[in-house]
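User: I've got this model open on my screen and would like to talk through it. Can you take a look with me?

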Amino acid sequence: MTFKKLSGDLSINGASYTLVNTIAGLASAVKNGPAGNYALAADYDASKDGAYGSSPIQSDMQGALEGLGNTISNLSIEIPLEKSGNSTGLIALSEGTVADIRVTHASIDLEENERKMGIATAGILIGYNTGSVLRSYVDGIIQIPGETAGGGMVGTNDGIISESESEAKVSVILKGYWAGGMVGTNGGTITKSFAGGDVTTATKKGALLGGLVGWNDPFGTIDNTYALGNATDGRRNGASGGLAGQNDGKISTSYSTGKATAQPYAGGLVGFDQAQAGSLNDTYWDTDTSGITNPSQALEI
C-alpha cells in the first residue's frame, strides 16, 4: 500500500497511525514519540543514505510500526563494535509491534575491536526484541564479531516472532557466540516462521550456529517453523544444528533441511540439546539433504 502524501489520517483497527516515508523521518518520529504508531507510506531505497554508523532508530520503540507491505531496501550499517551499543539493527530496541514490513538487500557489518563490551546483539530488523514481529521479511548479509548474538532478522528475541521469513546470510568472525538464520538467541516465541539463509563461522573459538536459531534458551519456544540453510562451523568446540545450534527450551512441529557441520557437536535438527526430556515434539530433519542419518541428532547431558 502506497501513499503519495503524508498528510491525512490513517486508522488501522481503530488506532491512529502517522505516515512516514524515510528512515530519518521514522527515527525522528520514534525519538519524539516512542509510544506512537507509525506506518511506512511507500518503498524506501536506503542506498541514498550511505552507510549508517549506528542503528538508524536508536530510541526504544514502544508503539507500533506498520509497514503496509512496503520495502526498505539497501540498508547498510557499518560500525565498530565499541561504538555500536549493545543492540544493532534498523531498530536497536523494540518492545512494541513491528508488522508487514520488508527489509531487503541489507548489510550489517560489526567490526571487532579490543575493547570488551560484554554480550552484544544484532539483527537486520531489530537488535533486541521484547515485543512482536508479525508478517515481516528480511534478506541480506550480517557479519558479527565475537561476543555477539546475531540473527538474520532479530539478534535476541524475548518477545514474539510470527508468520515471518528471513533469507539473510549470517557470518561470525573471530571468536564466536550465537548465530541463527532468523534469531541469534531466543527466550521468547517463534511460530509459523522460517529461515533460508546460511550461517557460517571460521572463528578460532567455536560458536553455536543454527539454521533458524543459534541458541533456544530455557524460556524459548519454537513452534511450526522450518529452516533450509546450512550451519557451518569450520573450527572446534562448536555446535551446529539444521534448526538450532543449542536447545534448552521447547521445539515442536518444526523441521530443517540444511547441512550442519561442527566439532564436536553437529545435528540434523539440533547440535547440542540440554532441554528436559519431552521438549522436542513432532520435529524432524531431511536425512538426504543434511547428510546426517543418525537418529540421535541431539546430545543429552
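User: Let's start with the second sheet: which residue in β26 stands opposite Val183?

Analyst: Keep in mind that this is a predicted model. Strands β22 (residues 183-186) and β26 (residues 213-216) run parallel and are joined by three bridges. Opposite Val183, in β26, you'll find Val213.

User: And which strands stand at the edges of that sheet, each with a single partner strand?

Analyst: The sheet is open, with seven strands in parallel pairing, in the order β9-β13-β17-β22-β26-β30-β34. The two edge strands each have one side left without a neighbour in the sheet, because each has a single partner strand: they are β9 (91-94) and β34 (270-273).

User: What about the other open sheet: in β25, what is the bridge partner of Gly180?

Analyst: That sheet also has seven strands, ordered β8-β12-β16-β21-β25-β29-β33, and the pairing is parallel. Within it, β21 (residues 178-180) pairs with β25 (residues 208-210) over three bridges. The partner of Gly180 there is Gly210.

User: Now helix α1. How many degrees of arc do its buried residues cover around the axis?

Analyst: The buried residues of α1 (residues 23-32) are Ile23, Leu26, Ala27, Ala29 and Val30. They sit on the same side of the helix because their arc around the axis is only 165 degrees.

User: Which exposed residues does the face turned away from that buried side carry?

Analyst: The buried side is covered by elements including β2 (15-20) and β3 (37-40). The face of α1 turned away from it carries Ala24, Lys31 and Asn32.

Note on methods: Residues are numbered from 1 along each chain as its sequence is written. This is a predicted model: local features need pLDDT of at least 70, side-chain atom pairs count only at pLDDT 80 or more; totals for chains, interfaces and linings use all residues. Side-chain values use heavy atoms; hydrogens and water are left out. Buried means under 20% relative accessible area, exposed over 50%, partly exposed in between (1.4 Å probe, protein chains only). Helices (H or I, at least four residues) and strands (E, at least two) are DSSP runs, numbered from the N terminus. The arc is that of the directions from the helix axis to the C-beta atoms. Contact means heavy atoms within 4.5 Å. Two strands pair if DSSP finds at least two bridges between them.
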